[in-house]
Structures are given as C-alpha cells and as structure tokens.
Amino acid sequence: MNIPALFSLEGKIALVTGGSRNLGKTIAKAYIAQGAKVYITSRKADDCAATAEELGPNCHALPQDLSTVEGARALAAMFAEKEEKLDILVNNAGAAWGASFEDFPESGWDKVMDLNLKSPFFLTQALYKLLKVGASKGAPAKVINITSIDGQRLNPWETYSYHASKSGLIYLTKRLAARLVRDNIVVSSIAPGAFASDMNTAARDNADEVGKHIPMGRIGTEDDLAGTAIYLASRAGDYVVGDTISLDGGIVHASLGQTTDT
C-alpha cells in the first residue's frame, strides 16, 4: 500500500470551472500542489488570467461564459485544442439569487438554474469523449460537482432557485454516475457549508458569529476543501460513485436544529 500515491495527481489534467476565485481557486491550487496540470475557466477573462499567473506554470486560463449550452460547448472545443484527454472535471461555477417569494424574478430563476444545473450537465456532455480517452477501471476519470448543503437542507433565506438548483445537481450527480461509470468515469459531488467566499459574505465577514451555529464551532477552511477535493480526484476516491460529501462541520448530519447563513 503506497499512501502518498493514493493522493497523488501527478500527470493528471484537470479543468476547474469558476476557478479564478474562492472555492474554485482553492481546488485548482490544491490539484497543482499534487502534481496536476490545471485549466481554470471563468466569465471574466482578466480575473482568469491573473489567477493562472498567480498559481504558476501548471495553471492555464480558458475564460468562458458557461451560462449557455453554446458557452459550455465552446469551452470544450477550446480545451480540445489544448489537450487530447481530460482526467478531472470540477463543475464549480455557480450563482445565487435572493428575493422575497412575492417578488422573485424570472431572471433570478433562469440565471441560477442555467449556471448551477444546466451548465454542469452540458459541459460534462461536451467533454465526454475527452474524459473517456484516458479512463480505465484502474484509473477512472473523475467528474466532481460542487453542490451545497443548501441542496440537502433549508437555510433561512429566500434563495428559491439556488435551493432548487443545488438539490437538482445532487440528484443529477447520481444519474450521471449511474450512466458514466460504465465508461470508467466516476461522478461524485462535494456539498460545502459555510466557507468564506464572495457568495457567502456572512461566512467571509462574520466567521466567528457564523461558526457559533456550526457543530464544529468554525467555518470551513481552504485545507478542509482541498483535502476533500484531492481525495475525490485521486486514486483514494476511485470507489466513491454518485455520492455527495457534506463538507460542513456537521450542519447537515450532526446539527440539533441550528441554522446558519450558508
């Protein structure tokens, strides 16, 4: 048993959507540290290029808006011009929208559902052939969807499309896993809880207060996310098929009725 090799990503090629900042950037950085060549994409080209430069020569920018099917297919085509295979796809790009039930707009519904739920499906579809190229039973390709604990339980806020999209993505993960495992492509998901990000400003700006409502007493850290993302992407996670890991300090499965702004 070679434990270091279990968690190595040496020689792997990864694509992380929403990789220019926050959780996506953390995942990209972790994969590079484990030996992978990582492509990151985001809607803002300048941010994407700046992050790629910051993370070093094994990080490459492929800016693209993924809110449409055409955008997902365009990114796949761009990636295919660079590489002949894809070992790890992380569907992380996402959006949120909050408004009262009476005023919740169609635009807030469509924007969130398109990016959070439709985009992961059609990007995975567009990259399907490249995922199959290097995949085998002994070394499957990986698709890791970044879902949310808001797809597993309610938060106190009126984020209707976000809740719906993330719960849908958790079940889409299962459906994709059932189909793609026959091609040696393993699909799983990570459901983060309270991590500091531009989307979760409460955790970012009031970490101590938010942490009081979490069983572990703190918000998530970069190391928490990096460890789980490496586990699922590496040989160590090959036998995790269709499952969602709640990465939340116990909010979903060890909480006695607390709620938190995540």
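These are legends for a set of close-up views of a predicted model.

**View 1. Helices α4 and α5 pack against each other.**
Two packed helices are described by the angle between their axes and the distance between the axes. Here α4 covers residues 69-82 and α5 covers residues 106-126. Their axes make an angle of about 35 degrees and lie 9 Å apart. As for handedness, α4 and α5 cross in the right-handed sense. Which residues do the meeting? On the α4 side, look for Val-69, Ala-72, Arg-73, Leu-75 and Ala-76. Facing them from α5 are Lys-118, Phe-122, Leu-123, Gln-125 and Ala-126. Sort the residues of this contact by character and you get seven nonpolar, one polar and two charged.

**View 2. Phe-101 and Tyr-160 form an aromatic pair.**
Searching the whole structure turns up four aromatic pairs, and this view picks out one of them, Phe-101 with Tyr-160. Are these rings stacked or edge-to-face? Their planes sit at 65 degrees, and over 60 counts as edge-to-face, so edge-to-face is the answer. The ring centres are 6.0 Å apart. Phe-101 comes from the loop between β4 (88-91) and α5, while Tyr-160 belongs to helix α7 (residues 160-180). The pair therefore ties together parts that are 59 residues apart in sequence. Phe-101 is exposed, at 62% relative accessibility, and Tyr-160 is partly exposed, at 32%.

**View 3. Phe-121 and Phe-122 pair up too.**
The ring centres of Phe-121 and Phe-122 are 5.0 Å apart. With the planes at 85 degrees, this pair is edge-to-face. Phe-121 has a relative accessibility of 29%, so it counts as partly exposed. Phe-122 is also partly exposed, at 22%. You may remember Phe-122 from the first view, as one of the α5 residues that meet α4.

**View 4. Phe-101, Phe-104 and Tyr-160 make a cluster.**
Step back to the Phe-101 ring and add Phe-104 to the picture. Ring pairs join Phe-101, Phe-104 and Tyr-160 into a cluster.

**View 5. Lys-174 sits over the ring of Tyr-171.**
How far is Lys-174 from the ring centre of Tyr-171? The distance is 5.8 Å, with Lys-174 over the face of the ring. Tyr-171 is part of helix α7. At 59% relative accessibility, Tyr-171 is exposed. Now look for Asp-243: in sequence Tyr-171 and Asp-243 are 72 residues apart, but C-alpha to C-alpha they are 9.4 Å apart.

**View 6. Lys-85 and the residues around it.**
Lys-85 is in the loop between α4 and β4. Is Lys-85 buried, exposed or partly exposed? It is partly exposed, with a relative accessibility of 26%. Setting aside neighbours within four places in sequence, Lys-85 touches Gly-11, Ile-13, Phe-79, Leu-130, Val-133 and Gly-134. Lys-129 is 44 residues away from Lys-85 along the chain, yet their C-alpha atoms are separated by 8.1 Å.

**View 7. Two asparagines with positive phi, Asn-22 and Asn-184.**
Most residues other than glycine have a negative phi. Asn-22 has a positive one, near 55 degrees. You'll find Asn-22 in helix α2 (residues 22-33), and at 26% relative accessibility it is partly exposed. Where is Asn-184? Look in the loop between α7 and β6 (185-192). Its phi is positive as well, at about 60 degrees. The relative accessible area of Asn-184 is 18%, and under 20% means buried, so Asn-184 is buried.

**View 8. Ala-178 and Pro-192, then Ser-136 and Lys-37.**
Ala-178 sits in helix α7 and is partly exposed, with a relative accessible area of 44%. How many residues lie between Ala-178 and Pro-192 in sequence terms, and how far apart are they in space? They are 14 residues apart in sequence and 23 Å apart, C-alpha to C-alpha. Ser-136 is in the loop between α6 (128-133) and β5 (141-146). Its relative accessible area is 30%, so Ser-136 is partly exposed. Between the C-alpha atoms of Ser-136 and Lys-37 there are 19 Å, and along the chain they are 99 residues apart.

How values were computed. Residues numbered from 1 in each chain as written. Predicted model: local features only at pLDDT ≥ 70, side-chain atom pairs only at ≥ 80, totals over all residues. Heavy atoms only, no water. Axes fitted to C-alpha atoms, helices over the stretch in contact; angles between N-to-C directions. Helix = DSSP H or I, 4+ residues; strand = E, 2+ residues; numbered from the N terminus. Left-handed = near helix turned anticlockwise from the far one by under 90°. Contact = heavy atoms within 4.5 Å. Nonpolar A, V, L, I, M, F, W, Y, C, P; charged D, E, K, R; others polar. Phe/Tyr/Trp six-rings, centres within 6.5 Å; stacked < 30°, edge-to-face > 60°. Buried < 20%, exposed > 50% of the residue type's maximum accessible area, 1.4 Å probe, protein only. Lys NZ or Arg CZ within 6 Å of the ring centre and 35° of its normal.
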